[in-house]
Amino acid sequence: MSVQDRAIPASPAANSTLVPELRNFVDGEFVAGDHFFDDVNPADGTVIARVSEAGANVVDAAVAAARRALRGEWGKAGVWQRAALLYKIAEGIEARFNDFVQAESADTGKPVALASRLDVPRAAANFRVFADLIKTAGLEAFETETPDGKQALNYAVRKPIGVVGIITPWNLPLLLLTWKVAPALACGNTVVVKPSEETPASATLLAEVMRDAGVPSGVFNLVHGFGEGSTGEYLVSHPDVNAITFTGESRTGAAIMKACAPGVKPVSFELGGKNAAIIFADCERDETIQQMSDAVFLNTGQVCLCAERVYVERSIFDWFVSAMKHKAESLQIGWPQDRSTNMGPLISRTHREKVLSYFRKARQEGATIVTGGGVPEFGDERDNGFYVQPTILTGLPESACCVTEEIFGPVCHIAPFDSEDEALAMANDTEYGLAASIWTSDLKRAHRVARQMNVGITWVNCWFLRDLRTPFGGVGLSGIGREGGVHSLNFYSELNNICIRL
Ligand code: NAD
Ligand code: 6OD
């Protein structure tokens, strides 16, 4: 059993002498860099692993290995061979299902129940869906009339872009990483991935799965480390990386875009959100409350798609606020390992400081704190963790910073509206444009309102219901481009059009 194979200890604290080392994975080997940093369990603040930070030399080696692999057997592998490998990777993830659940939960503090239901199954699904898709993707073809009355045939072939740099955040670490790795490999690229410094464990397990599935050396490389002035910056500015796909904060996206500009590297960005939900009086009430509770509090509100702005038709406003208050107060906040826990801590002390600062600003701006607004007390090691209370605000003007800025915690502001037009105007009054949800029994209204939302995805009477073949992405500060289905295949490949005069 390698160091990498050792399970990350669950809470309470790991004995420091048993703390595992998480290493980079370059050219089929686990390698250490010069420095190590701590991987902290947000449920109790204990150090659960030491992580090897990849310096510029390790990033160089990873990119060089990825380049060599493109010229080797992987570069010659056909679509069916690549798809077969993707299925094996999916099986490898499922074979180590519990290891992944434990790793993801220990790194993020998310309840094991959530990781078992969402993160790990989606990781396997990402590989299966893109294996299916690449096998069935057709070629674009046109018959063309020539000026002299004859014919030509145009058809486009897909080629890999080359070495793809993949940078991902900490909120859904494995889900979001595999959402990009799977289509990149399906299209025949090689990858260098950098997971968030907060959540290195599941990506390290994925490297083991890649190795055990027989992925050729250099096709999947993993580098650990930070962003600016560290591994992330080395990767995005590396001249031999052909494209960057990134999920994270909008301002990080802006910095990455600058770094990519000199090489005119294609970028795909899935960024922040300040998502609205519009609740009409004719909504199906029980179902709406049930799902809105997830839309606000799932993963401790740390999902880019979470609704932080909720607009409710005035006639049901009081009912809605009180039903959401009840939901918030019924959440089981606790140890992630406890199967009955449905809300864990925030990712880090720093992030908790940010969320608490918004609670303070809300008070200063005159909000009513309907529930929450503070830190829960447990009387045990969890008091060293990074928990906050699920929080509901009302009474703020639309210009308040809690209504305009992404908080990324278990918190929403609820405001009343009197007309469809007013709701739409408030919902669209944002620089972001990732997701929205509409809750109504009136189908005509659902279609009408959904079309007018300035976002990448609008859910009607549901939230975070995903079909991986559909376009996913955002407008404005929420991103550039779309991934999902053929949109992923288009980003991760170059189309070469061939025109033959017949
Ligand atoms: P972040 O932008 O701070 O970090 C994301 C990744 O970028 C990390 O791996 C980090 O190390 C790296 N990074 C940071 N600076 C860098 C730089 N200068 N160069 C290269 N890499 C750099 O984001 P986060 O705090 O990890 O995640 C939370 C944010 O992600 C929220 O804003 C959330 O909305 C967003 N998000 C968006 C989506 C989406 O699909 N649109 C999904 C999940 C999260
Ligand atoms: O479901 C997905 O594919 C996806 N990219 C979800 C993003 C969630 C944001 O936190």
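**Two ligand sites and a few residues along the chain**

At 1% relative accessibility, Leu174 counts as buried. That value, like the others here, comes from a predicted model. Leu174 is part of helix H6, which covers residues 173-186. Its C-alpha atom is 6.5 Å from that of Asp119, although the two residues stand 55 residues apart along the chain.

Next comes ligand 2. Its surroundings are made up of Arg122, Asn171, Leu172, Leu176, Trp179, Glu270, Val303, Cys304, Leu305, Phe464, Arg466 and Phe472. Sorted by class, that shell has eight nonpolar residues, one polar residue and three charged ones. Oxygen atoms of ligand 2 take part in several polar pairings. In the side chain of Arg122, an N or O atom is 2.9 Å from an oxygen atom of the ligand. With Asn171, a polar side-chain atom is again involved, and the distance to an oxygen atom of ligand 2 is 2.8 Å. Cys304 takes part through its backbone: a polar atom there is 2.8 Å from an oxygen atom of ligand 2. Ligand 2 would expose 310 Å² if taken alone, and the protein buries 99% of that area. As for the space that ligand 2 takes up, this is the second largest cavity.

Ligand 1 has a shell of 29 residues, and the closest of them are Thr168, Glu197, Thr252, Leu271 and Glu406. By class, the shell splits into 13 nonpolar, nine polar and seven charged residues. Some of these residues come from regular elements of the fold: helix H8 (231-236), strand E11 (243-247) and helix H9 (250-260) each give at least two residues to the shell around ligand 1. Where does ligand 1 sit? The answer is the largest pocket.

Polar pairings turn up for ligand 1 as well. Thr168 uses its backbone, with an N or O atom 2.8 Å from an oxygen atom of ligand 1. Trp170 uses its side chain, where a polar atom lies 2.9 Å from an oxygen atom of the ligand. Glu406 also uses its side chain, and here a polar atom is 2.5 Å from an oxygen atom of ligand 1. On its own, ligand 1 would expose 840 Å², of which the protein buries 91%.

Two residues catch the eye for their backbone angles. Most residues other than glycine have a negative phi. Asp27 is not a glycine, yet its phi is positive, at about 55°. Asp27 is found in the loop that runs between strand E2 (24-26) and strand E3 (29-31). With a relative accessibility of 28%, Asp27 counts as partly exposed, because that class runs from 20% to 50%. Asn461 is likewise not a glycine and has a positive phi of about 55°. This residue also belongs to a loop, the one between strand E19 (457-460) and strand E20 (479-480). Is Asn461 buried or partly exposed? At 33% relative accessibility, Asn461 counts as partly exposed.

A few more residues round out the picture, starting with the strands. Asp38 lies in strand E4, which spans residues 35-40. Its relative accessibility is 46%, so Asp38 counts as partly exposed. Between the C-alpha atoms of Asp38 and Val51 there are 6.1 Å, with the two residues 13 apart along the chain. Ala415 has its place in strand E17, residues 411-417. At 7% relative accessibility, Ala415 counts as buried, because the cut-off for that class is under 20%. Ala415 and Glu398 are 17 residues apart in sequence, and their C-alpha atoms are 8.8 Å apart in space.

The last residue is in a helix. Ser488 belongs to helix H16, made up of residues 485-491. Its relative accessibility is 0%, so Ser488 counts as buried. How far apart in space are Ser488 and Ala323, C-alpha to C-alpha? They are 39 Å apart, and 165 residues separate them in sequence.

Note on methods: Residues numbered from 1 in each chain as written. Chains lettered and ligands numbered in written order. Predicted model: local features only at pLDDT ≥ 70, side-chain atom pairs only at ≥ 80, totals over all residues. Heavy atoms only, no water. Near = heavy atom within 4 Å. Polar contact = N/O pair within 3.5 Å; in protein donor to acceptor, adjacent residues only side chain to side chain. Areas by Shrake-Rupley, 256 points an atom, 1.4 Å probe, with all protein chains shown as cover. 1 Å grid on protein atoms, 1.4 Å probe; cavity = no way out; pocket = protein on both sides within 12 Å on 5 of 7 lines; lining within 4 Å. Sits in = over half its atoms within 2 Å of the grid points. Nonpolar A, V, L, I, M, F, W, Y, C, P; charged D, E, K, R; others polar. Helix = DSSP H or I, 4+ residues; strand = E, 2+ residues; numbered from the N terminus. Buried < 20%, exposed > 50% of the residue type's maximum accessible area, 1.4 Å probe, protein only.
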